[in-house]
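Thanks for coming. Please have the sequence and the structure open while I talk.

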Amino acid sequence: MKAPTASLDVLKTMPPDLAKQWFLDLYIPLLGLSRDSEEALELSALLDPKVRATNNINSSVDIIEYLGRGGTPASQSLKRKLQFWAGQSYTRVLFDGRAEDGHPTVLPAFDPRRNNIVFRTHGLTVPYGKIDNDTPPSQIFAQVVYTAIAALAAYEFSRRRELCALIGDEMSFLEGSSVLQALIKAQDRTGRKEKNIVLVGDQ
């Protein structure tokens with residue numbers, strides 16, 4: 001799998017208020033957390049823009065490092081769950097990695113200002129239907145990546161006055177995720193007025 005050249009980490013790419021919303025939308029399912037768990041509550045509090053600014057939290061890895069300094073069981077549990085995903089070779093687009101000498105390899109934030117952008121997800125297969133206990137971790141992560149792309153596309157579309165289009169493949173397999181809501185259902189209602197087009201491929 002080709003290494004990414006830019007980060008889709010919403011803590012880098014979105015304004016603080018939207019970053020909190022989308023980080024929770026992405027990571028609560030990824031980490032397998034219930035919304036009323038101690039880990040979810042701690043993560044929500046940590047993503048508050050004022051807390052982030054005070055503690056210099058600007059990426060997913062910054063959250064892991066901050067939690068490593070905490071002593072509560074919830075902090076340590078949340079850190080372990082995040083570390084699992086940060087340790088996978090295919091997750092660099094959301095988690096900065098480390099070079100062989102141990103120094104961090106920090107990717108720049110994705111820049112959406114170009115007119116033509118291709119998200120190459122080769123090597124990541126989306127799950128066929130809803131996620132369950134038998135879904136491979138790489139497929140779970142693939143759905144999260146598609147959701148991150150949807151979030152960034154929807155945000156950028158809302159800021160532009162000109163015609164915008166997003167073309168995606170295998171999107172029908174993401175039923176039940178927020179991808180379809182953000183990219184298809186919302187555009188079906190407002191796309192003509194806002195000059196947005198979504199083309200979806202299926203097999």
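**Helix 5 and its surroundings**

I'll start in the middle of things, with helix 5, where S60, V61, I63, I64 and L67 are buried. Viewed down the helix axis, these buried residues fall within an arc of 155 degrees, so they line one face of helix 5. The general point behind this is that an α-helix has 3.6 residues a turn, so residues three or four places apart point the same way. Before going on, I should say that this is a predicted model.

What do the buried residues of helix 5 pack against? Their partners are helix 1, residues 10-13, then helix 2, helix 3, and helix 6, residues 73-86.

Now the overall layout. The chain has eight helices and four strands. Reading from the N terminus, the order of elements is α-α-α-α-α-α-β-β-α-β-α-β. The chain has 203 residues, and 43% of them count as buried. If we take contacts between residues at least 6 apart in sequence, 64% of those contacts join residues at least 24 apart.

Next, two helix pairs, both involving helix 3. The first partner is helix 5, residues 60-67, which packs with helix 3 at an angle of about 115 degrees, the axes being 12 Å apart. This crossing is right-handed. On the helix 3 side the contact is made by E42, L43 and L46, and on the helix 5 side by I63, Y66 and L67. Sorted by class, the residues in this contact are five nonpolar, no polar and one charged.

The second partner is helix 2. Helix 2 covers residues 16-30 and helix 3 covers residues 38-46; their axes come within 10 Å and cross at roughly 155 degrees. Angles over 145 degrees count as roughly antiparallel, and helix 2 and helix 3 are therefore roughly antiparallel to each other. The crossing of helix 2 and helix 3 is right-handed. Helix 2 contributes K20, F23, L24 and I28 to the contact, and helix 3 contributes A40, L43 and S44. By class, that makes five nonpolar residues, one polar and one charged.

Let me stay with helix 3 for one residue, E42, which is located in that helix. Is E42 buried or exposed? Neither: E42 is partly exposed, because its relative accessible area is 24%, and buried means under 20%. Leaving out residues up to four places away in sequence, E42 touches L67, T72, A74 and S75. E42 and L78 are 36 residues apart along the chain, and their C-alpha atoms are separated by 8.6 Å.

The last residue is M14. Where is M14? It lies in the loop between helix 1 and helix 2. M14 has a relative accessible area of 7%, so M14 is buried. Setting aside neighbours within four places in sequence, M14 is in contact with A19, W22, A151, L152 and Y155. M14 and A109 are 95 residues apart in sequence, and their C-alpha atoms are 9.5 Å apart in space.

To recap: the buried residues of helix 5 line one face of that helix. Helix 3 crosses helix 5 at about 115 degrees and helix 2 at roughly 155 degrees. E42 is partly exposed, whereas M14 is buried. That is where I'll stop.

Technical notes. Residues numbered from 1 in each chain as written. Predicted model: local features only at pLDDT ≥ 70, side-chain atom pairs only at ≥ 80, totals over all residues. Heavy atoms only, no water. Axes fitted to C-alpha atoms, helices over the stretch in contact; angles between N-to-C directions. Parallel < 35°, antiparallel > 145°, perpendicular 65-115°, else oblique. Left-handed = near helix turned anticlockwise from the far one by under 90°. Contact = heavy atoms within 4.5 Å. Nonpolar A, V, L, I, M, F, W, Y, C, P; charged D, E, K, R; others polar. Buried < 20%, exposed > 50% of the residue type's maximum accessible area, 1.4 Å probe, protein only. Arc of directions from axis to C-beta.
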